[in-house]
Amino acid sequence: MANERTLAIIKPDAMEKGIIGDIVQRMEEHNLKVIGGKMLKLTKERAEGFYAVHKGKPFFNDLAKFMSSGPCFVLCLEGEGAIIRWREVMGATNPEEAAEGTLRADFGTDIQCNAVHGSDSAETARFEVSYFFEPHELVQYEWM
Ligand code: ADP
Ligand code: MG
């Protein structure tokens, strides 16, 4: 599998629970290397731009409100097959349907407040990483 980059977000509901450390631990346990990270308080407009693909869906407005309601910790992850791997570590969108041991099963509240975000394809990952990070904010280094 190719070395990939993907975008992860620790969403406001998880920030409120004080579980940045638990979530980053899961990333590291699954060989997902953090190569960029920043704390942001999104405006509603910036959240809408990020989720533009969902514009027109019934949950779009509430989603943008939720994502701008508190801090988000945004990370760029790198690793072999990082995009699908991070999706697997997160679990299904709805925490009620998420497999046991996934982040959303363990920490999600409901289908909206589901703790974490992850890019869903190579194309999406490129857009999402560049939405929050300048190239110089991503740092290459060796580990393990
Ligand atoms: P995922 O985050 O798993 O890729 P989607 O891209 O479909 O899921 O949706 C983006 C985000 O919008 C979800 O993570 C969740 O926060 C919210 N969302 C998705 N579907 C619903 C829904 N039916 N009702 C409320 N919020 C939703
Ligand atoms: Mg998605």
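Me: What classes make up the shell around ligand 1?

Reply: The shell around ligand 1 holds 4 nonpolar, 4 polar and 3 charged residues (Ala, Val, Leu, Ile, Met, Phe, Trp, Tyr, Cys and Pro count as nonpolar, Asp, Glu, Lys and Arg as charged, the others, Gly among them, as polar). This is a predicted model, in which local features need pLDDT of at least 70 and side-chain atom pairs pLDDT 80 or more, while totals for chains, interfaces and linings use all residues. Residues are numbered from 1 along each chain as written, chains are lettered from A and ligands numbered from 1 in written order, and side-chain values use heavy atoms, without hydrogens and water.

Me: Why is the link between Lys-11 and ligand 1 called a polar contact?

Reply: A polar contact is a pair of N or O atoms within 3.5 Å. A polar side-chain atom of Lys-11 lies 2.9 Å from an oxygen atom of ligand 1, so the pair qualifies. For Arg-87, a side-chain N or O atom is 2.8 Å from a ligand 1 oxygen; for Gln-112, the atom 2.8 Å from such an oxygen belongs to the backbone. The protein buries 78% of the 530 Å² that ligand 1 exposes when taken alone (Shrake-Rupley method, 1.4 Å probe).

Me: What makes ligand 1 an occupant of the largest pocket?

Reply: Sitting in a pocket requires more than half of a molecule's atoms within 2 Å of its grid points; ligand 1 sits in the largest pocket, so ligand 1 satisfies this.

Me: Which helix gives the most to the lining of that pocket?

Reply: Helix 7 does, with 3 residues. By class, the lining comprises 8 nonpolar, 8 polar and 6 charged residues.

How values were computed:
Polar contact = N/O pair within 3.5 Å; in protein donor to acceptor, adjacent residues only side chain to side chain. 1 Å grid on protein atoms, 1.4 Å probe; cavity = no way out; pocket = protein on both sides within 12 Å on 5 of 7 lines; lining within 4 Å. Helix = DSSP H or I, 4+ residues; strand = E, 2+ residues; numbered from the N terminus.
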